[in-house]
Amino acid sequence: DDDDDDDNLFGLTTVINMQTHQDKDCVKDIVKLIESKCPDGELWYKIGDLLRGGGGGARDVGLLVSERFLNIPPQIALPSYKNLMEDIDEVKAKGAPFQFGHFLVICKCYQQCQAPQKGKKKGRKVPNFETAETVFCNAEEEILAKMATMSFSFAVGSGGVDLDDDDDDD
């Protein structure tokens, strides 16, 4: 029946307040992942400070979660983001803790390298990472990446990310 068509789920777009839920294991794991993968230096300190509620906590960090089913066109993303912003405004008016100063977005992307070139060691071919192009799995995330005030990339192996992996063991 036609009423069932309105209840179909094609994707999910939501935001989680990282400071409000900082004691939850899943949020702790995300903070641990970000801090372990972020390069050392000034960026590491800035991101770590934000994730731990630095700056007096007046403006929280929201973890933006946005996924859509495979083969659902990216055109669904814009209405989803608009609805999310409307929902945030609505709950803020009711006093909910949704005063976000930053959003954290973890994007799936890959580096598309040009044809391998001969390396200096034993004639092996090595990818030319200097001319690698970043390709986002979700097209709308490329726009978010361009708007970002801070960003970094990290490699994920075929087995995914191991939160218990200690880089000191190498």
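This report describes the sheet, the helix packing and the nonpolar cores of a predicted model.

**Sheet**

Three strands form an open sheet in the order β1-β2-β3, and their pairing is mixed. The edge positions are taken by β1 (11–17) and β3 (100–104); each has a single partner strand, so one side of each is left without a neighbour in the sheet. Averaged over the sheet and with direction ignored, neighbouring strands are turned by 25 degrees against each other. β1 and β2 run antiparallel and are joined by seven bridges. Within this pairing, I16 has L63 as its bridge partner in β2.

**Helices**

Helix α4 (residues 77–93) lies across β1, β2 and β3 and runs at about 35 degrees to β1. A packed pair of helices is described by the angle between the two axes and the distance between them. For α2 and α3 the angle is about 170 degrees and the axes are 10 Å apart. Angles over 145 degrees count as roughly antiparallel, and α2 and α3 are therefore roughly antiparallel to each other. On the α2 side the contact is made by V31, I34 and E35, and on the α3 side by W44, I47, G48 and L51. By class, this contact has five nonpolar, one polar and one charged residues.

The angles given above are collected here.

| Elements | Angle |
|---|---|
| α4 and β1 | about 35 degrees |
| α2 and α3 | about 170 degrees |
| Neighbouring strands of the sheet, average | 25 degrees |

**Nonpolar cores**

The largest nonpolar core has twelve residues: M18, V27, I30, V31, I34, C38, I47, L50, L51, V61, L63 and L104. At least two residues of this core come from each of α2 (25–37), α3 (42–51) and β2 (60–68). The most are given by α2, with four residues. Leaving aside residues up to four places away in sequence, L104 touches M18, I30, I34, L51, V61, G62, L63 and L64. A second core, separate from this one, has seven residues, among them V15, A77, L84 and I88.

**A buried glutamate**

E140 lies in helix α5 (residues 139–147). The relative accessible area of E140 is 11%. Buried means under 20%, so E140 is buried. Not counting residues up to four places away in sequence, E140 touches R68, P74, A77 and Y81. Of these contacts, A77 is also included in the second core.

How values were computed: Residues are numbered from 1 along each chain as its sequence is written. This is a predicted model: local features need pLDDT of at least 70, side-chain atom pairs count only at pLDDT 80 or more; totals for chains, interfaces and linings use all residues. Side-chain values use heavy atoms; hydrogens and water are left out. Buried means under 20% relative accessible area, exposed over 50%, partly exposed in between (1.4 Å probe, protein chains only). Contact means heavy atoms within 4.5 Å. A nonpolar core is a set of buried Ala, Val, Leu, Ile, Met, Phe, Trp, Tyr and Cys residues joined through side-chain atoms within 4.5 Å. Two strands pair if DSSP finds at least two bridges between them. Axes are lines fitted to C-alpha atoms, for helices over the stretch in contact, and angles run from 0 to 180 degrees between N-to-C directions. Angles under 35 degrees count as roughly parallel, over 145 as roughly antiparallel, 65 to 115 as roughly perpendicular and the rest as oblique. Ala, Val, Leu, Ile, Met, Phe, Trp, Tyr, Cys and Pro count as nonpolar, Asp, Glu, Lys and Arg as charged, and the others, Gly among them, as polar.
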